[in-house]
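This report describes the annotated domains of a modelled complex and the packing of selected helices. The structure is shown first, and the discussion follows.

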Amino acid sequence: MDFSFTKHEEEFRQELRTWLEEHLPKDWVMSNQKYVKDPVFLRNWQKELYEGGWGAIAWPEKYGGRNATLMEEIIYEQEMVRAKAPSPINYVGIHMVGPTLMDIGTEEQKEQYLQKMLTGEEVWCQGYSEPNAGSDLAAIQTSAVKDGDRWIINGQKVWTSYGHVADRCFLLARTNHFEKKHKGITVFLLDMKQAGVETQPIIQMNGEHDFNEVFLKDAIAYDADIVGEVDEGWRVTMALLAHERTGIGAQVFTLEQQFQDLVTLAKEREDHGQPLIKNPFIRKNMIDLYARSRGSLLNYYRNLTKTLKNGYPGPEGSMDKLIVSEITKDLFAQSISMQGHQGILSEDVDGEHSYWSNNYLYSFGQTIGGGTSEIQRNTIGERILGLPKDLRR
Amino acid sequence: MDFALNQEQELFRGYVRKYLESKGLTKIARDYMVDQGESFPAIHTGLAELGCSSINISECYGGMELGALDLVPVLEEIGRALLPGLFLETNTLVVPLLEQFGTEEQKASYLPDIAEGKSTFTFAWLEHDYNYQPSGIKLKAHQEKNSIIIDGVKTLVPEAQIADYFVVVARTGKEEKDISLVIVDRSQSNMTIRPQKTIDEARCLSEVTFNHLEVPPTQILGPINGGWTILQEGLLSFNAALSTIMVGSTDKIVEMAVEYANIREQFGQPIGRFQAVKHKIVDMKVDLETARSLAYYANWALENKTDDRVQAITIARIFATDAFIRAASNNIQIHGGIGFTEEVDCHLYLKRARFYENYLGSTQQYYEQAATALGW
């Protein structure tokens with residue numbers, strides 16, 4: 001067992017830390033994340049990262065990356081969370097679409113899209129979920145019909161993060177009705193800025209807007225926009241999901257930091273002249289929460305070790321996702337309960353939105369998005385424990 | 001970054017598992033219930049022959065001089081088998097105390113025998129008010145000429161009937177913390193052992209009365225009146241180990257639940273296909289892996305004497321205890337009617353979980369210790 005980082009890794013961390021100190025926008029730090037949803041600000045931040053060489057560290061150098069190792073990516077996530085840096089607006093492009101195109105895209109596609117993803121010039125979204133195909137992704141109905149060198153696309157997508165600002169979409173459409181429903185799906189790189197594409201915001205229960213519905217009415221894509229082979233999009237989709245190798249890491253480190261925020265709250269808030277953390281009930285709940293969140297971090301490290309040794313991630317990622325999202329939900333629930341009535345205020349005394357109530361409401365999305373906790377449990381049950389599969393078509 | 005046991009450690013685990021499985025795994029505990037340990041020395045010797053009892057003993061006393069992490073695979077396997085006996089008490093509480101605070105004479109007379117599997121130690125701590133604080137120690141050990149005289153009653157003493165030596169927590173002075181640890185040889189006659197019945201019949205507890213028992217002052221382990229402080233050190237090692245044993249037990253429970261859910265059919269299909277059952281088992285697995293990560297880290301922190309070791313170890317103990325109890329309870333439910341019978345092993349694990357819950361320290365006290373260690 002060895003929890004230390006190599007000299008090279010520590011140098012990498014220091015380099016990034018120094019860069020962040022110099023380049024993290026001052027008004028971002030001061031404004032208590034006022035620009036958190038501002039697309040212009042976030043595109044500029046993406047560009048700034050790119051110019052500093054931090055835009056897509058895992059990408060090969062020839063495409064503008066740094067050939068980062070998995071450990072360097074982990075350190076990158078740790079430092080970004082530590083500095084409370086703005087969240088990346090082009091997450092889908094950089095972590096998912098880009099690497100997939102490098103693997104199976106055509107030379108023209110690489111030429112046309114990779115550079116613009118990095119600079120923030122083109123923001124990407126993904127068109128997976130549909131009103132009747134959320135957890136059951138293979139049930140998608142959106143259709144693409146061939147018409148010469150064009151494809152006419154009709155249907156509806158939902159839960160499209162950043163769809164309202166995205167320039168292009170990694171879109172799944174049905175191009176054939178085979179017996180096996182994951183057959184006959186094709187992936188298109190769809191231009192979002194066209195007449196046939198209309199987005200409508202979905203306002204979340206915390207009042208914020210990340211997601212959209214996307215309506216496709218005779219939207220157009222071309223043969224050149226297809227990734228991989230026609231009808232073989234399922235394989236492409238799975239390849240894309242495998243590229244997302246550090247998403248959970250960011251959540252694990254965020255949880256660690258959120259727990260520290262909760263400790264600070266429990267030490268600073270008082271009830272009857274005594275800090276909340278001295279109350280035996282709160283103390284016990286806090287220890288239980290600490291044990292679980294500390295355990296989730298260590299679990300993540302243990303699974304990471306396995307990935308480093310095998311060279312590829314295993315189904316344990318489902319376990320990390322399940323644990324972290326469930327604990328996050330419990331953490332914010334605890335933060336509301338322990339503050340008494342004050343906990344339900346959605347604005348703090350200074351007029352800023354309340355970190356606690358806003359995150360509490362937002363946390364309900366975490367056990368749903370990216371695969372519900374129930375789906376994660378199925379994956380763990382079937383792929384890790386070897387329990388019988390659910391009945392499916 | 002490398003958070004895993006190494007190859008040698010995993011290899012060693014394989015030997016221990018094979019040996020305990022060849023002895024019938026829980027059959028060892030079931031035999032123990034019937035004969036109170038008469039057949040058990042053979043098992044203890046078998047483990048010693050594999051090298052288990054010498055792992056953390058210095059080379060000069062016949063040991064391998066390895067660390068807490070090297071004990072991890074052995075402890076997990078002991079937990080899987082619900083092994084009775086005093087391995088935990090001897091090797092993870094008394095050995096570290098002897099190694100760290102024992103005199104040369106004490107080390108030379110006890111450690112080689114422990115390493116060879118020839119002797120075991122138990123720990124006589126609690127008294128009738130079941131108080132784990134220094135104030136709970138009433139049993140007196142006072143000096144008279146060239147001996148220490150022990151008078152008093154201890155309760156819930158583990159495996160007194162098979163232990164070769166007792167470490168007795170005794171009051172040696174007037175101040176609250178004037179407590180010393182005294183090593184007592186079981187062959188001394190001024191001692192009465194009265195067995196007590198517990199729900200975990202695969203562990204024996206006894207009330208032990210010391211009636212003017214006389215030992216030489218050289219039998220005091222560590223400084224006189226300084227026993228309480230060194231005990232805290234010993235408990236860190238003990239709790240890291242206990243967490244690991246509980247992880248081993250939980251591991252076996254999850255395996256049992258998965259196996260049963262795969263073969264038991266209802267409504268024409270294995271019950272493991274029903275999400276009500278499947279998800280329950282997954283939650284047990286998630287608890288198990290979390291407990292395991294915490295326990296591995298606790299042992300690593302112990303071995304490397306890190307600043308966060310107190311919180312790491314207490315947190316591991318708290319979480320592993322809860323995970324063990326939850327998994328053992330759910331396992332009975334998953335097995336349905338048969339899970340409620342004496343025939344299958346489910347109940348053995350539940351009873352052991354409750355046995356360990358407050359073993360050598362209360363859960364409440366560990367919560368407080370963790371909070372203090374975290375600076376809360």
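Which residues of chain B does UniProt assign to the feature "domain: Acyl-CoA dehydrogenase/oxidase N-terminal"? According to the unreviewed UniProt entry, this feature is placed at residues 7-118 of chain B. The coordinates discussed here belong to a predicted model. The predictor assigns the complex an ipTM of 0.95 and a pTM of 0.95. For chain B the mean pLDDT is 97, and 100% of the residues reach 70 or more.

## Annotated domains

Two further domain features of chain B come from the UniProt record. The annotation "domain: Acyl-CoA oxidase/dehydrogenase middle" (unreviewed entry) covers residues 132-210 of chain B, and "domain: Acyl-CoA dehydrogenase/oxidase C-terminal" (unreviewed entry) covers residues 225-370 of chain B. In chain A, the unreviewed UniProt annotation "domain: Acyl-CoA oxidase/dehydrogenase middle" covers residues 125-218. The table lists the secondary structure and the separation of the end C-alpha atoms for each span.

| Span | Helix | Strand | Distance between end C-alpha atoms |
|---|---|---|---|
| Residues 7-118 of chain B | 69% | 0% | 29 Å |
| Residues 132-210 of chain B | 0% | 54% | 20 Å |
| Residues 225-370 of chain B | 77% | 3% | 26 Å |
| Residues 125-218 of chain A | 0% | 47% | 19 Å |

In chain B, the N-terminal feature span, residues 7-118, is thus 69% helix with 0% strand, whereas residues 132-210 are 0% helix and 54% strand. Residues 225-370 of chain B are 77% helix, with 3% strand.

## Helix packing in chain B

Two packed helices are described by the angle between their axes and the distance between the axes. Three pairs in chain B are considered below in these terms.

Helix α5 (residues 87-101) of chain B packs against helix α6 (residues 104-115) of chain B at an angle of about 155°, and their axes are 10 Å apart. Because of this angle, α5(B) is roughly antiparallel to α6(B). The two helices, α5(B) and α6(B), have a left-handed crossing. On the α5(B) side, the contact is made by Thr90(B), Asn91(B), Val95(B), Leu98(B) and Glu99(B); α6(B) contributes Gln106(B), Lys107(B), Tyr110(B), Leu111(B) and Ile114(B). By class, the residues of this contact between α5(B) and α6(B) comprise 5 nonpolar, 3 polar and 2 charged.

For helix α4 (residues 68-80) of chain B and helix α8 (residues 275-303) of chain B, the axes come within 8 Å and cross at roughly 145°. From α4(B), the contact involves Ala68(B), Leu69(B), Asp70(B), Val72(B) and Glu76(B), while α8(B) supplies Arg292(B), Tyr296(B), Asn299(B), Trp300(B), Leu302(B) and Glu303(B). The contact of α4(B) with α8(B) has 6 nonpolar, 1 polar and 4 charged residues.

Helix α8(B) also packs with helix α9 (residues 309-335) of chain B, at an angle of about 155° and with the axes 8 Å apart. The helices α8(B) and α9(B) are therefore roughly antiparallel to each other. Their crossing, in which α8(B) passes α9(B), is left-handed. In the contact of α8(B) with α9(B), 19 residues are nonpolar, 4 are polar and 4 are charged.

Conventions:
Residues numbered from 1 in each chain as written. Chains lettered and ligands numbered in written order. Predicted model: local features only at pLDDT ≥ 70, side-chain atom pairs only at ≥ 80, totals over all residues. Heavy atoms only, no water. Axes fitted to C-alpha atoms, helices over the stretch in contact; angles between N-to-C directions. Helix = DSSP H or I, 4+ residues; strand = E, 2+ residues; numbered from the N terminus. Parallel < 35°, antiparallel > 145°, perpendicular 65-115°, else oblique. Left-handed = near helix turned anticlockwise from the far one by under 90°. Contact = heavy atoms within 4.5 Å. Nonpolar A, V, L, I, M, F, W, Y, C, P; charged D, E, K, R; others polar. UniProt positions renumbered as here; feature names shortened; annotations may be inferred. pLDDT = per-residue confidence, 0-100.
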